[in-house]
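Student: I am new to this structure. Please take one part, the surface around the DNA, and walk me through it closely.

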Number of protein chains: 2
Amino acid sequence: MISQTAEYALRAVVYLADHGGDPKTNVQIAEATQVPTGYLAKVMQGLSRARVVNSQRGLNGGFTLKESPDELTVLAVINAIDPIRRIHECPLGLPSHGTTLCPLHQRIDNAAALVEEAFGDTTISELLDVPKSRKPLCRFPIAKGE
Amino acid sequence: MISQTAEYALRAVVYLADHGGDPKTNVQIAEATQVPTGYLAKVMQGLSRARVVNSQRGLNGGFTLKESPDELTVLAVINAIDPIRRIHECPLGLPSHGTTLCPLHQRIDNAAALVEEAFGDTTISELLDVPKSRKPLCRFPIAKGE
DNA sequence: CCTACAATGGATGTCAAGATCCTTTTGTCG
DNA sequence: CGACAAAAGGATCTTGACATCCATTGTAGG
């Protein structure tokens, strides 16, 4: 449905949203979200370039959200990393389907539109508005060593 | 949204549905659907194993649909090749999320469910019930050399 | 029974996503 | 300024999706 990389990005954003405004380092995020440290660095670079997060180098640096979790949608995060591909022209390159997709590709594109809509309607803060035990990434009630 | 391979499978099935009941060879399907011949052979094998199509070897052999296009859904074809992956347990393996997904993964799974539903509600014959110029795979009104 | 036809299956090649590691750059603080 | 912290960026590795090619097996028709 979404790529592994997009899922990683979402976890990171959710973590940032749920842990105050002060910068979190790549290592902190990686540990909390169970994402390979080295790979997360690349993902965070992507989020930074897409202006979803701020990055700050040096001591006490790290990543922070650029937007409020109320404003930031799941779709925005996904599109920053691995955009939902809509179908705008016939994949077979048939000229007669140039403007109007055939029913097959129209249905596929329609499914993409549904996904886009669902993710576009969900903000990051909505994901956190639940009892603690069901919060994303939360190890509660295990909570050993954190 | 769906894999390249699943798209190939759908094209092949649509072609079979739209061209009568007599067997079509791999080469015929490949040319009509613009799918690499060698690769389509693998895809058709998959459809055959999944019992979406019949296969017949030898002279005048080829592939036919096993079910009526009225009964066969887009989802059935996709699932035969590259199933829509639903999320049934927490991808982070968090024990506290074992049964109840966190909002993040619930939303992602919900998107998958939307897609499943949309494709499950569409039959192959619905895709063909349109004016000729908008039929899937159809080159009309160009129609040079076919 | 022989031959041409067509699917099957195996081996292999290519490429992008996912992942790792190391060096360089930028920033903070003492 | 000097030392350290942290992101940025480059090089490389692995794996699976996509793709090609060829040998084998099964089948109809002469």
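Tutor: Keep in mind that this is a predicted model. Let us begin with DNA strand C. It is surrounded by 28 residues. The closest come from both chains: Thr5(A), Pro36(A) and Arg57(A), along with Lys42(B) and Ser55(B). Which part of the strand do they meet? Of the atoms of DNA strand C that come within 4 Å of the protein, 73% belong to sugar and phosphate.

Now look at single contacts. Ser55(B) places a polar side-chain atom 2.7 Å from a phosphate oxygen of DNA strand C. Gln56(A) also uses its side chain: one of its N or O atoms is 3.0 Å from a sugar or linking oxygen of the strand. Gly58(B) works through its backbone instead, with an N or O atom 3.3 Å from a sugar or linking oxygen of DNA strand C.

Step back to the elements. Chain A gives at least two residues each from α1 (4-18) and α3 (37-49) to the surface near DNA strand C. Chain B does so from α3 (37-49), β1 (53-56) and β2 (62-65). The largest share, four residues, is that of α3(B). By class, this surface holds 16 polar residues, six nonpolar and six charged.

Turn next to DNA strand D. Around this strand there are 28 residues. Those that come nearest are Lys42(A), Thr5(B), Tyr8(B), Pro36(B) and Arg57(B). Sugar and phosphate make up 72% of the DNA strand D atoms within 4 Å of the protein.

Three contacts from chain B are worth finding here. Thr5(B) has a side-chain N or O atom 2.4 Å from a phosphate oxygen of DNA strand D. Tyr8(B) brings a polar side-chain atom to 2.9 Å from a phosphate oxygen of the strand. Gln4(B) uses a polar backbone atom, 3.1 Å from a phosphate oxygen of DNA strand D. As for the elements, α3, β1 (53-56) and β2 (62-65) of chain A each give two or more residues to the surface near this strand, and so do α1 (4-18) and α3 of chain B. Here α3(A) has the largest share, with four residues. The classes near DNA strand D are 16 polar, six nonpolar and six charged.

So what do we have? For DNA strand C, the largest share comes from α3(B). For DNA strand D, it comes from α3(A). Trace those two helices first, then find Ser55(B) by DNA strand C and Thr5(B) by DNA strand D.

How values were computed. Residues are numbered from 1 along each chain as its sequence is written. Chains are lettered from A and ligands numbered from 1 in the order in which they are written. This is a predicted model: local features need pLDDT of at least 70, side-chain atom pairs count only at pLDDT 80 or more; totals for chains, interfaces and linings use all residues. Side-chain values use heavy atoms; hydrogens and water are left out. A residue is near a molecule or strand if one of its heavy atoms lies within 4 Å of it. A polar contact is a pair of N or O atoms within 3.5 Å; within protein, one must be able to donate a hydrogen and the other to accept it, and residues adjacent in sequence count only if both atoms are side-chain atoms. Ala, Val, Leu, Ile, Met, Phe, Trp, Tyr, Cys and Pro count as nonpolar, Asp, Glu, Lys and Arg as charged, and the others, Gly among them, as polar.
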